[in-house]
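Reader: I should like to go through this model one question at a time. Please reason from the structure in each reply and close on the value or name requested.

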Amino acid sequence: MTLTQLRALVATAQLGSFTAAGTALGYSQAAISELVRRLEEECGLQLFHRGARRLALTAAGEQLLPHAQQTVNAAENAENAMKEVRGLTGGVASFGLFRNADYYLLAELGERFATAYPNVRIRLVGVNAALVADAVAAGDLEAGIVVLPVTPAGLETTPLARDEVLYVSADPAHTAAPVDIAALAERRLVFYDAHAGNADPDRLQLAERAQLAGVRLEPFVEVEQAPAALHLVSRGVGDTFLSRAVAERLIRTEGLRLHTTTFDPPLHNTFALVRRAHARLSPATEELARLAVDLLLRNPTLEHRRPLRAQGPPVS
């Protein structure tokens with residue numbers, strides 16, 4: 001029992017003849033008649049009374065018709081949905097973003113996409129970059145913008161731009177000079193992105209430096225959101241680190257009395273597009289990714305605003 005046979009059944013029942021059904025479906029009269037005959041053979045039942053001027057369904061045909069109609073309708077709905085997605089006139093664009101993306105591109109990304117494609121729904125998942133990478137690797141998201149490094153295998157990674165990470169303290173003496181890993185290990189620290197923990201890309205970079213230097217980094221306080229961390233720092237609870245764009249904006253908008261310096265050697269957030277290797281993006285998500293990349297590369301506060309060579313498994 002095939003979808004083509006069921007379409008022939010439905011059209012013949014609605015139009016009353018094989019000829020009319022063939023015209024509607026783009027087949028010859030003989031082809032429609034043969035499709036119905038094969039369907040009857042598979043069912044082992046006669047579906048139409050033949051010989052009359054207008055074909056009429058038998059009792060068996062009457063029983064089968066609503067199920068055939070339901071199947072044909074479902075297939076047509078699926079085909080229409082795919083046409084909408086291909087033409088960017090419907091469907092959902094699903095994309096992952098690192099947690100602090102709002103300070104770089106999130107609002108403008110959503111606005112630009114929604115303006116260009118008003119009938120496509122948008123799902124932007126903003127969590128720690130490590131969790132975005134995990135979701136892309138698992139197939140829960142098609143693609144995303146993350147902060148490197150990320151650890152899941154099977155991802156194609158394209159670095160795009162970077163922002164320097166600053167050391168932040170309420171004590172001006174702590175920011176009088178660039179901070180190396182040994183000094184960092186001796187201070188009370190407030191870390192954010194508590195849920196991601198040591199999988200957080202910034203922590204991974206600092207952990208590598210600490211291992212090479214033979215020191216250990218342990219947070220005194222862990223919270224989830226960067227603004228909460230900065231408020232604790234402003235109260236003297238400890239020091240933290242944050243990318244320049246986010247730190248400067250939060251300190252300014254929150255009116256916090258904080259001081260910043262760089263790391264020694266400098267530490268950076270490198271932003272990259274990630275997708276599963278060998279996987280093809282849906283048109284909607286591909287366009288959303290293109291807009292996200294364009295916004296990052298046009299951001300005047302970022303360094304290296306030119307795509308580098310993709311890193312990841314070779315494409316077969």
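Reader: At what angle do helix α9 and helix α10 pack?

Author: In this predicted model, helix α9 covers residues 226-234 and helix α10 covers residues 244-254. Their axes lie 11 Å apart, and α9 passes α10 in a right-handed crossing. The packing angle is about 65°.

Reader: How do the residues of the contact of α9 with α10 divide into nonpolar, polar and charged?

Author: On the α9 side, the contact is made by Ala-226, Pro-227, Leu-230 and His-231. Leu-250, Ile-251 and Glu-254 contribute from α10. The division is five nonpolar, one polar and one charged.

Reader: Against which elements do the buried residues of α10 pack?

Author: The buried residues in α10 are Ala-245, Val-246, Ala-247, Leu-250 and Ile-251. Of these, Leu-250 and Ile-251 also take part in the contact with α9. The elements packed against are β6 (155-169), α9, β9 (240-243) and β10 (259-261).

Reader: Which residue with positive phi follows α10?

Author: Helix α10 comprises residues 244-254. Phi of the residue that follows the helix is near 65°. That residue is Gly-255.

Reader: How many residues of strand β5 are buried?

Author: Strand β5 spans residues 143-148, and both of its faces are covered. Ala-143, Ile-145 and Val-147 are buried on one side, as are Gly-144, Val-146 and Leu-148 on the other. The strand is therefore largely enclosed by the rest of the structure, the buried count being six of the six.

Reader: In which sense, parallel or antiparallel, do β5 and strand β11 pair?

Author: Strand β5 pairs with strand β3 (residues 92-98) in the parallel sense over two bridges. With strand β11 (residues 267-276), β5 shares six bridges, and Val-147 has Phe-271 as its bridge partner there. The sense of the pairing between β5 and β11 is antiparallel.

Reader: Which residue of β4 does Leu-97 stand opposite?

Author: Strand β3 is mostly covered, with six of its seven residues buried. Seven bridges join β3 to strand β4 (residues 121-127), and these two strands run parallel. Leu-97 stands opposite Ile-145 in β5; in β4, the residue opposite Leu-97 is Gly-126.

Reader: What is omega for the cis peptide bond that joins Leu-148 and Pro-149?

Author: Leu-148 is among the buried residues of β5. Pro-149 is found in the loop between β5 and β6. For the cis bond joining Leu-148 and Pro-149, omega is about 5°.

Reader: Which residues does the cis peptide bond with omega about 0° join?

Author: The proline of this bond has its place in the loop between β10 and β11. The residues joined are Asp-264 and Pro-265.

Reader: Is Asp-193 buried or exposed?

Author: Asp-193 lies in the loop between β7 (190-191) and α8 (201-213). Its phi is near 60°, a positive value in a residue other than glycine. Because buried means under 20% relative accessible area, the 4% relative accessibility of Asp-193 makes this residue buried.

Reader: Is His-278 buried or exposed?

Author: His-278 has a positive phi near 75° and is a residue other than glycine. Its place is in the loop between β11 and α11 (283-298). Since the cut-off for exposed is over 50%, the relative accessible area of 54% makes His-278 exposed.

Reader: What distance separates the C-alpha atoms of Glu-224 and Ala-194?

Author: Glu-224 is found in the loop between β8 (221-222) and α9, and is partly exposed at a relative accessible area of 27%. Leaving aside neighbours within four places in sequence, Glu-224 is in contact with Arg-99, Tyr-192, Asp-193, Ala-194 and His-195. Glu-224 and Ala-194 are 30 residues apart along the chain. Their C-alpha separation is 4.9 Å.

Reader: What distance separates the centres of domain 1 and domain 2?

Author: The protein chain is divided into domain 1 (3-82) and domain 2 (87-305). Ala-24 is placed in helix α2 (residues 18-25), and from Ala-24 to Ala-245 the C-alpha distance is 61 Å, with their positions 221 residues apart in sequence. Taken over C-alpha atoms, the domain centres are separated by 57 Å.

Methods: Residues are numbered from 1 along each chain as its sequence is written. This is a predicted model: local features need pLDDT of at least 70, side-chain atom pairs count only at pLDDT 80 or more; totals for chains, interfaces and linings use all residues. Side-chain values use heavy atoms; hydrogens and water are left out. Helices (H or I, at least four residues) and strands (E, at least two) are DSSP runs, numbered from the N terminus. Domain bounds come from an automatic or database domain assignment. Axes are lines fitted to C-alpha atoms, for helices over the stretch in contact, and angles run from 0 to 180 degrees between N-to-C directions. A crossing is left-handed if the near helix is turned anticlockwise from the far one by less than a right angle, and right-handed if clockwise. Contact means heavy atoms within 4.5 Å. Ala, Val, Leu, Ile, Met, Phe, Trp, Tyr, Cys and Pro count as nonpolar, Asp, Glu, Lys and Arg as charged, and the others, Gly among them, as polar. Buried means under 20% relative accessible area, exposed over 50%, partly exposed in between (1.4 Å probe, protein chains only). Two strands pair if DSSP finds at least two bridges between them.
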